[in-house]
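Hi,

Here's the structure I promised to pass along. Have a look at it first, and my notes come right after.

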Amino acid sequence: MTYARTEPTDQEPDIRARPPLVREFLLVAGLFLAYKFGRRAANGHVEEAFRNAANVWDIERALRLPGEGGVQGVLLHSQTLIHAANTYYATVHFPATVVFLVWLYWRRPLHYLWSRRILAALTGSALVLHLLFPLAPPRMLPAAGLVDTGQVYGPAVYGATPATDTMANQFAAMPSLHVGWAVTVAVGLIVATRSRWRLLWLLHPAITLLVVVGTANHYWLDAVVAVALLAVAFAALRLPRPARDVPARLPWVAGGGAVLGGGAHLPAYTVSGAEATTGAYVSGTAATPGGAVPERAPAGAGARR
């Protein structure tokens with residue numbers, strides 16, 4: 001028996017895999033609030049944060065990584081460019097991730113569940129690292145000689161006095177969740193879609209990396225650690241197939257499929273394309289063009305001829 005050609009179900013989400021909306025909203029909101037409060041709980045380790053920053057800076061120079069100032073120098077050539085980078089840092093990170101999750105929830109429920117787990121694993125591990133390794137960003141490190149572009153050119157995300165900022169923990173630079181979430185969004189969309197242009201989603205984490213470094217909010221190593229944590233999450237959580245294949249919807253013949261000997265009907269998706277179209281699959285007996293099945297000759301009839 002042959003099977004029908006399969007087609008990617010890119011336009012038909014499996015709604016059975018879609019979890020309850022209210023539950024998902026409460027779960028995602030709860031995870032976000034837990035992270036925000038947990039990150040604020042890591043405040044107060046100022047001396048340790050600056051000591052770690054000096055060590056990270058020295059490690060980067062020992063590894064001969066390019067200086068963060070090189071990227072910032074390019075941005076500072078144009079006030080419009082640096083303002084655009086600050087705006088990207090302030091406004092794209094969280095909304096883009098929310099839109100990504102909403103779209104997956106509606107159009108790719110299975111990929112939504114996987115991506116939500118990846119984001120939860122990444123964010124949870126990042127919170128642990130923030131608690132264990134407080135880190136001042138390069139804009140605060142005198143040895144870096146970088147400009148706090150948010151405060152100078154705007155828009156600014158953080159308060160002017162980091163030690164007393166009650167809205168955010170500015171000493172939680174490692175890992176960079178801006179980069180981590182952007183990579184998750186790009187990989188999730190590449191896996192969940194079938195467009196020939198889907199690799200262009202990698203521009204989002206690439207631009208994000210240049211923005212977070214150029215605005216002096218993160219070191220190169222912050223992005224490296226974020227990608228390493230993501231690699232562990234990808235290895236631990238099962239990656240869904242890019243697109244599920246299901247039998248193509250082929251026309252049924254003669255009242256709902258091919259007719260088997262004895263009057264049984266065979267669904268069209270179990271028959272090859274040509275057979276399902278012509279109705280020519282009948283227990284080894286060809287059907288007539290109208291779909292009727294000729295009567296089978298009695299056993300031994302040939303011998304009596």
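Below is what turned up, going from the overall picture to the rings and then the surface.

One thing up front: this is a predicted model. The protein has 305 residues, and 40% of them count as buried. Its secondary structure comes to 12 helices and 4 strands. If you look at contacts with a separation of 6 or more, 76% of them are between residues 24 or more positions apart.

Now the aromatics. A search of the whole structure gives 5 aromatic pairs. One of them joins tyrosine 105 and tyrosine 112: the ring centres are 5.3 Å apart and the planes sit at 85 degrees, and since anything over 60 counts as edge-to-face, that's what this pair is. Are these two tyrosines buried or exposed? Tyrosine 105 has a relative accessible area of 11%, so it falls under the 20% cut-off and is buried. Tyrosine 112 is buried as well, with a relative accessible area of 4%.

Another pair is made by tryptophan 114 and phenylalanine 234. Here the centres are 5.8 Å apart with the planes at 25 degrees, which is under 30 and therefore stacked. This pair links distant parts of the chain: tryptophan 114 belongs to helix H6 (residues 109-132) and phenylalanine 234 to helix H10 (residues 220-236), with their positions 120 residues apart in the numbering. As for burial, tryptophan 114 counts as buried at 5% relative accessibility, whereas phenylalanine 234 comes out at 25% and counts as partly exposed because that value lies between the 20% and 50% limits.

There's also a charge over a ring, if you like that sort of thing. Arginine 61 lies over the face of tryptophan 57, at 4.1 Å from the ring centre.

Finally, the outside. The accessible surface of the protein is about 16700 Å², and carbon and sulfur atoms own 66% of that. Which residues make up the nonpolar surface patch of about 540 Å²? They are Phe32, Leu33, Phe37, Phe94, Val98 and Val102. Two helices, H1 (21-41) and H5 (93-107), each supply at least two residues of this patch. Taking one member as an example, valine 98 is found in helix H5. With a relative accessible area of 35%, valine 98 is partly exposed, and that is over the 30% a residue needs to be part of a patch.

That's the lot from my side.

Cheers

Note on methods:
Residues numbered from 1 in each chain as written. Predicted model: local features only at pLDDT ≥ 70, side-chain atom pairs only at ≥ 80, totals over all residues. Heavy atoms only, no water. Phe/Tyr/Trp six-rings, centres within 6.5 Å; stacked < 30°, edge-to-face > 60°. Buried < 20%, exposed > 50% of the residue type's maximum accessible area, 1.4 Å probe, protein only. Lys NZ or Arg CZ within 6 Å of the ring centre and 35° of its normal. Contact = heavy atoms within 4.5 Å. Areas by Shrake-Rupley, 256 points an atom, 1.4 Å probe, with all protein chains shown as cover. Patch = residues over 30% accessible without salt bridge, like charges linked within 9 Å, V, L, I, M, F, W, Y side chains within 5 Å. Salt bridge = Lys/Arg side-chain N within 4 Å of Asp/Glu carboxyl O.
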